[in-house]
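Notebook open, viewer loaded. I'm jotting down what I look up, in the order I get to it.

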Amino acid sequence: MTSNKQDRTVELDIGGRKRAFDIDDPKLPDWVHEAALGSEGYPYDEKMDKGDYKKTLENLQIELIKLQFWLNASGKRMISVFEGRDAAGKGGTIFSIRAYLNPRSARIVALPKPTEAEAGQWYFQRYVEHFPTSGEAVLFDRSWYNRGVVEPVMGFCTPDQCKKFLRETPHFEEMIVDDGIHFFKFWLNIGREMQLKRFHDRRHDPLKIWKLSPMDVAALTKWDDYTKARDRMLEKTHTAQAPWMVVKANDKRRARINVIRHLLLSIDYEGRDKEVIGDIDDRIIGEGPAFLD
């Protein structure tokens with residue numbers, strides 16, 4: 001009698017060693033568990049204390065509410081773009097920012113794949129339609145940067161389309177900033193073993209399994225391709241006017257805290273309390289591709 005179970009074991013080259021990884025096996029391999037937090041040179045041996053995290057996050061969320069009141073009153077606009085490795089924690093970071101804000105003027109935008117009509121438009125057009133009006137903040141859970149990393153790696157665009165995108169994007173973003181919009185770009189980065197651990201967690205948690213897409217599984221063997229695409233994208237689109245902030249996100253708690261701190265310290269809103277906000281951890285967040293070195 002034959003089994004209908006599909007064997008999804010893949011052979012991975014990690015640190016010069018061949019490793020077998022089966023995402024369907026409910027037991028996480030020891031080599032993944034032991035290396036996950038410290039992967040890709042993460043600077044901490046332990047996660048941020050949960051109690052400290054919750055208290056710090058609450059104080060920062062109060063400051064975010066002040067920021068929203070200021071945006072509403074002043075008519076200023078804000079866009080934050082969240083990109084990164086698959087399973088790097090983009091959605092959770094956005095949720096921690098958005099959790100207590102008024103949804104009428106703080107929107108999350110997570111677009112599906114383009115429709116046939118959208119595919120025939122100017123590439124940036126469907127994103128511009130979701131840009132903020134007076135007093136609004138918009139948080140993009142992935143953005144036009146799909147064309148910088150995911151699409152070329154997975155074969156969803158041509159090399160010429162990607163080159164054109166990388167050439168045009170700095171000019172596009174210069175217009176955003178010149179129009180007075182507070183504009184932020186975050187790249188959340190995680191190590192390979194941490195990514196495997198989070199994929200495995202999603203596969204075997206019935207509350208998270210919806211987060212694991214066929215593209216995630218297909219990407220298991222494309223780590224190096226994604227790295228090359230990421231590095232090229234950061235190099236071509238990191239500018240003085242629209243810089244990339246790179247976040248080491250193996251510990252989601254520290255990542256969220258430092259992303260929010262960066263937002264709050266970058267805008268001089270009414271009632272801002274720098275003492276409550278605290279200092280950026282420059283081991284966790286830094287500017288541009290050099291922070292990955």
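Which strand is R19 found in? I looked: R19 sits in strand 2, residues 17–22. Worth writing down before going on: this is a predicted model.

**R19.** I checked exposure next, and R19 comes out partly exposed, at a relative accessible area of 21%. Buried would need under 20%. For its neighbours I skipped residues up to four places away in sequence, and R19 then touches V10, E11, L12, I14 and W31. I also took the C-alpha distance from R19 to W31: 8.9 Å, with the two residues 12 apart along the chain.

**D13.** I moved on to strand 1 (residues 9–14), where D13 is found. D13 is partly exposed as well, and its relative accessible area is 43%. With residues up to four places away in sequence left out, D13 touches K18 and R192. I tried a long separation too: D13 and L111 are 98 residues apart along the chain, and their C-alpha atoms are 33 Å apart.

**Whole chain.** I stepped back for the overall numbers. The protein chain has 12 helices and eight strands. How does the radius of gyration of the protein chain compare with that of a compact globule of 293 residues? The globule would be near 19 Å and the chain has 20 Å, so the two agree. Along the principal axes, the C-alpha trace spans about 70 × 50 × 35 Å.

Of the 293 residues, 50% are buried. I pulled contacts between residues at least 6 apart in sequence, and 76% of these join residues at least 24 apart. The accessible surface comes to about 15,300 Å², with 49% of it belonging to carbon and sulfur atoms. I counted charges too: 47 positive and 47 negative side chains, with the centres of the two sets 2 Å apart.

**Cysteines.** How many disulfides does a search of the whole structure find? I got zero. C157 is in no disulfide, and its nearest cysteine sulfur, that of C162, is 5.1 Å away. A disulfide would need the sulfur atoms within 2.5 Å, so that pair doesn't qualify. C162 is likewise in no disulfide, with the sulfur of C157 as its nearest at 5.1 Å. Buried or exposed, I wondered about C157? C157 is buried, at a relative accessible area of 10%. C162 counts as buried too, with 1% relative accessibility.

**Backbone oddities.** I scanned phi next. Most residues other than glycine have a negative phi. A87 has a positive one of about 70°, although it is not a glycine. I placed A87 in the loop between strand 3 (78–84) and helix 3 (90–98). A87 counts as buried, at 5% relative accessibility. R142 also has a positive phi of about 70° without being a glycine. R142 is found in the loop between strand 5 (137–141) and helix 6 (150–154).

**Helix 3.** From the A87 loop I followed the chain into helix 3. Which residues of helix 3 are buried? I listed K90, T93, I94, S96, I97 and R98. What do the buried residues of helix 3 pack against? On the helix side I noted helix 2 (50–74) and helix 11 (252–266). On the strand side I noted strand 3, strand 4 (106–109), strand 5 and strand 6 (182–189).

Key: Residues are numbered from 1 along each chain as its sequence is written. This is a predicted model: local features need pLDDT of at least 70, side-chain atom pairs count only at pLDDT 80 or more; totals for chains, interfaces and linings use all residues. Side-chain values use heavy atoms; hydrogens and water are left out. Helices (H or I, at least four residues) and strands (E, at least two) are DSSP runs, numbered from the N terminus. The radius of gyration is taken over C-alpha atoms; the globule rule is 2.2 Å times the number of residues to the power 0.38. Buried means under 20% relative accessible area, exposed over 50%, partly exposed in between (1.4 Å probe, protein chains only). Contact means heavy atoms within 4.5 Å. Accessible areas come from the Shrake-Rupley method with a 1.4 Å probe; for residues, only the protein chains shown count as cover. Lys and Arg count as positive and Asp and Glu as negative; His and the chain ends are not counted. The place of a charge is taken as NZ of Lys, CZ of Arg, CG of Asp or CD of Glu.
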